[in-house]
Amino acid sequence: MNTKELILEKTLELMIEKQNSLVSIREISDATGIATGGIYHYFSNKKQIYDEITERYLINYLKFDMDKLRQIKGNAKEKIHDVMAEIFKQKQAGIKIETIEDEIDYRIILMILTPNGFSYENSVELCQGILKELEDIFTEIVEEGQKNSEIRQDLSTEDIVESLTLMYIGIQYIWEIYWIDDMIQAFEENFDLQWEKIKFRE
């Protein structure tokens, strides 16, 4: 691990220990064993450290592995199911943090970093863009499913995509806020009901 990554990970570790995102340069110096001047060699100020941590452990968490999602095959039901299951698998696993040996629930990191996310440059537009990517994938699947008489044609593609997106948002929300044990299990328990609403009707 290089020095810059060490500073970022140790700062995040301090945030987790303190249960908030307010960490001083002196605390970072003590945790890393790097003099304050050494820290300023890599970062011009504390905000830059916060921004890079936010990008790495919050913004990158919000993104989807689009290449992996687009490789999923099957009929419309299988694709919708497997795309969502893969997303929830990615989200629940979080992002690897080398300096923290003990397993940590990634929701703690999200809770700590979310306030920083609001001040991250173009955060709203970025989040909207990430969600648009998911909607684009759902749109492709739904349009193909309607064409192949697998998905209802009496509902608009937009309405079906919106319902799928809301299902994703809802499950992730209750996982993050209400600390349910397993996003994938919650999804599996609700998927068949969701599919019944949108599957093709003779």
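**Figure 1. The residue that follows helix α6, and the two ends of this helix in the predicted model.** Helix α6 is followed by G94, a residue whose phi is positive and lies near 70°. At the N-terminal end of α6, N75 acts as the cap, with a side-chain oxygen 3.2 Å from the backbone nitrogen of K77. The 18 residues of α6 should span 26 Å at 1.5 Å a residue, and this agrees with the end C-alpha atoms, which are 26 Å apart.

**Figure 2. The buried residues of helix α6 and the helices that cover them.** Among the residues of α6 that are buried are A76, I80, V83, M84, I87 and F88, and the charged residues K79, E86 and K91 are buried as well. The cover over the buried residues of α6 includes α4 (46–62), α5 (66–70), α8 (123–147), α9 (157–178) and α10. The charged end of K91 sits over the ring of Y61, at 5.0 Å from the centre of that ring.

**Figure 3. The aromatic pair of F88 and F187.** A pair of aromatic rings is described by the distance of the centres and the angle of the planes. The structure holds six aromatic pairs. In the pair of F88 and F187, the ring centres are 5.6 Å apart and the planes stand at 45°, so this pair is tilted, the class that lies between stacked (under 30 degrees) and edge-to-face (over 60). The pair links distant parts of the chain, since F88 belongs to helix α6 (residues 76–93) and F187 to helix α10 (residues 183–198), 99 residues apart. Both F88 and F187 are buried, and they belong to one aromatic cluster that also includes F64, Y168 and F191.

**Figure 4. The aromatic pair of Y173 and Y178.** The rings of Y173 and Y178 form an edge-to-face pair, with 6.3 Å from centre to centre and 70° between the planes. Y173 is partly exposed, with a relative accessible area of 45%, whereas Y178, with a relative accessible area of 57%, is exposed.

**Figure 5. The whole chain, as a setting for the close-up views.** The chain has ten helices and zero strands, and its C-alpha atoms fill a box of roughly 70 × 30 × 25 Å, taken along the principal axes. Of the 202 residues in the chain, 41% are buried. Among the contacts in the chain with a separation of 6 or more, 71% are between residues 24 or more positions apart.

Notes:
Residues are numbered from 1 along each chain as its sequence is written. This is a predicted model: local features need pLDDT of at least 70, side-chain atom pairs count only at pLDDT 80 or more; totals for chains, interfaces and linings use all residues. Side-chain values use heavy atoms; hydrogens and water are left out. Rings of Phe, Tyr and Trp (its six-membered ring) pair if their centres lie within 6.5 Å; planes under 30 degrees apart count as stacked, over 60 as edge-to-face and the rest as tilted. Helices (H or I, at least four residues) and strands (E, at least two) are DSSP runs, numbered from the N terminus. Buried means under 20% relative accessible area, exposed over 50%, partly exposed in between (1.4 Å probe, protein chains only). A charge sits over a ring if NZ of Lys or CZ of Arg is within 6 Å of the ring centre and within 35 degrees of the ring normal. The expected span of a helix is 1.5 Å times one less than its number of residues. Contact means heavy atoms within 4.5 Å. A polar contact is a pair of N or O atoms within 3.5 Å; within protein, one must be able to donate a hydrogen and the other to accept it, and residues adjacent in sequence count only if both atoms are side-chain atoms.
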